[in-house]
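Q: Please choose a single part of this structure and take me through it closely, explaining each term as it comes up, since I am new to it.

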Amino acid sequence: MVNKKVKIKKTPLKHEKLITKLLANLRGKQSQQSVNKKMGFSYNKVSRWETGQVKITWGEFVSFCEVCNIEVKQVASMTMAYHGDITNGCEFFKFLSSIY
């Protein structure tokens, strides 16, 4: 048996980009305006989260999931069920989109 070295991409994972894409996928077909209204915001905070202008807090994320009718536990477990290349953001988000 030959031991081969696995090449690991050294591309840094852009967490901000991951969360912004995740939020957009979780929101689904609901408009940003609709989610803002349901969350009690008088301005477009969802857009700011999705563009990375403002970071979402854990409490806001939980509320966001509730408004989108998604359980946080489900998001976590389905994210952990992903077995593809995590450095491939497009593939990862296609996976998430297929769930939600």
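A: Helices here are DSSP runs of H or I with at least four residues, strands are runs of E with at least two, and both are numbered from the N terminus. The model is a predicted one, in which local features need pLDDT of at least 70 and side-chain atom pairs count only at pLDDT 80 or more, while totals for chains, interfaces and linings use all residues. Residues are numbered from 1 along each chain as its sequence is written, and side-chain values use heavy atoms, leaving out hydrogens and water.

The chain has six helices and zero strands, and the part to look at closely is the meeting of helix H2 (residues 32-39) with helix H4 (residues 58-67), whose axes come within 10 Å and cross at roughly 115 degrees. Axes are lines fitted to C-alpha atoms, for helices over the stretch in contact, with angles from 0 to 180 degrees between N-to-C directions. H2 and H4 are therefore roughly perpendicular to each other, a label for angles of 65 to 115 degrees. On the H2 side, Val-35, Lys-38 and Met-39 make the contact (heavy atoms within 4.5 Å), and they meet Glu-60, Ser-63, Phe-64 and Val-67 of H4. Sorted by class, this contact of H2 with H4 holds four nonpolar, one polar and two charged residues.

Two of these contact residues, Val-35 and Phe-64, reappear in the largest nonpolar core, a set of buried Ala, Val, Leu, Ile, Met, Phe, Trp, Tyr and Cys residues joined through side-chain atoms within 4.5 Å, where buried means under 20% relative accessible area and exposed over 50%, with a 1.4 Å probe. That core has 15 residues, and Val-35 and Phe-64 are among those with the most contacts inside it, together with Leu-26, Trp-49 and Phe-61. Helix H1 (15-27), H2, helix H3 (45-51) and H4 each supply at least two residues of the core, and its largest share, four residues, comes from H4. Leaving aside neighbours within four places in sequence, Phe-61 is in contact with Leu-22, Leu-23, Leu-26, Ile-56, Val-72 and Val-75.

Following the chain onward from H4, one comes to Asn-69, which lies in the loop between H4 and helix H5 (72-80). Its phi is near 60 degrees, a positive value in a residue other than glycine, and Asn-69 counts as exposed because its relative accessibility is 71%. As for the whole chain, 27% of the 100 residues count as buried.

Definitions and conventions. Parallel < 35°, antiparallel > 145°, perpendicular 65-115°, else oblique. Nonpolar A, V, L, I, M, F, W, Y, C, P; charged D, E, K, R; others polar.
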